[in-house]
Amino acid sequence: MHESNKSNVVQLSSILSEEYGQINWKPRHDAINELVYTILSQHTSDINSERAFRNLMSSFCSVQSIATASLLDIEKCIRTAGLHKIKAARIKDVLNIILKRVGNFDLTFLAEMPLEDAKDWLKSLPGVGPKTAAIVLCFSFGMPAMPVDTHIYRVSRRLGLIEPKVSADKAHVLLEKIIDPDQVFAFHMYLIKHGRKICKALKPRCGECVLASNCPSKLKLG
Ligand code: SF4
């Protein structure tokens, strides 16, 4: 199962790279900012979280200032992200725990750790689950952690890469096992693009899908 899924991923990746172009990893934010950004992005759209992140970063000069700011001041800046009270408390908590544990906000030591240890370190922070941990490690350091968002979860189940009943949390590890570590970032981006554009939640456009001949769900959905 593993081996056939591995070769399936190689094939899917090559088709998607033809469709969407080659995608190379480049860091988005440094790790501490990526962590703040990702907490803001929980349960909301990219547009809302980006706006909240920009507002937060322009209102405070540094993460150090956010860590010592009042909750009310943080909440005001991140209203657009939704759940602003919960997220403000989470961001402040996480920053202060990191400061206490590490002595500063430099998380580059995570890139030197084995992947599972780095994930566990991040997941020990309040409100940080497998997806948030994977985003920080993958986007900031290019580590082969596969963040599974709603699009990736849906598309990979339809493609038969994971069983339908596997939880989203478990999907992270299962997908990492079948994707070449060098391809994790690109495959993550391809599945998101494909999920947004073609393999939509309610009405997948199987008739236009370049993966149709590799997809066990085509007949059921298309
Ligand atoms: S064939 Fe349909 S279900 Fe399968 S990946 Fe394409 S759009 Fe999604």
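A residue is called buried here if 20 or more other C-beta atoms lie within 10 Å of its own, and exposed if 12 or fewer do. With that criterion in hand, the structure, which is a predicted model, can be read from its N-terminal helix onward.

Helix α1 covers residues 2-20, and because a helix should advance 1.5 Å a residue, its 19 residues are expected to span 27 Å, which agrees with the 26 Å that separate its end C-alpha atoms. Within α1, the residues Asn5, Leu12 and Leu16 are buried. Viewed down the axis of α1, these buried residues fall within an arc of 35 degrees, so they line one face of the helix. The general background is that an α-helix has 3.6 residues a turn, so residues three or four places apart point the same way. On the other side of α1, the exposed residues are Glu3, Ser7, Gln11, Ser14 and Glu18. As for what the buried residues of α1 meet, they pack against two helices, α10 (168-178) and α11 (184-197). Just after α1 comes glycine 21, whose phi is positive, at about 85 degrees.

The next part of the path concerns a pair of helices. Helix α2, residues 31-41, packs with helix α3, residues 46-59, at an angle of about 135 degrees, and the axes of the two are 8 Å apart. An angle over 145 degrees would count as roughly antiparallel and one of 65 to 115 as roughly perpendicular, and α2 is therefore oblique to α3. The contact is made on the α2 side by Tyr37, Leu40 and Ser41, and on the α3 side by Asp46, Ser49, Ala52 and Phe53. In its handedness, the crossing of α2 and α3 is right-handed.

The loop between α2 and α3 contains histidine 43, a residue that has a positive phi of about 60 degrees although it is not a glycine. Histidine 43 counts as exposed, because it has 11 C-beta neighbours inside 10 Å.

A second backbone feature of this kind is found further along the chain, at leucine 83, where phi is near 45 degrees, again a positive value in a residue other than glycine. Leucine 83 is placed in the loop between α5 (71-77) and α6 (84-102). What is the exposure of leucine 83? With 14 other C-beta atoms within 10 Å, leucine 83 is partly exposed, since that class holds the residues in between the limits for buried and exposed.

How values were computed
Residues are numbered from 1 along each chain as its sequence is written. This is a predicted model: local features need pLDDT of at least 70, side-chain atom pairs count only at pLDDT 80 or more; totals for chains, interfaces and linings use all residues. Helices (H or I, at least four residues) and strands (E, at least two) are DSSP runs, numbered from the N terminus. The expected span of a helix is 1.5 Å times one less than its number of residues. The arc is that of the directions from the helix axis to the C-beta atoms. Two residues are in contact if their C-beta atoms, placed from the backbone, lie within 7 Å. Axes are lines fitted to C-alpha atoms, for helices over the stretch in contact, and angles run from 0 to 180 degrees between N-to-C directions. Angles under 35 degrees count as roughly parallel, over 145 as roughly antiparallel, 65 to 115 as roughly perpendicular and the rest as oblique. A crossing is left-handed if the near helix is turned anticlockwise from the far one by less than a right angle, and right-handed if clockwise.
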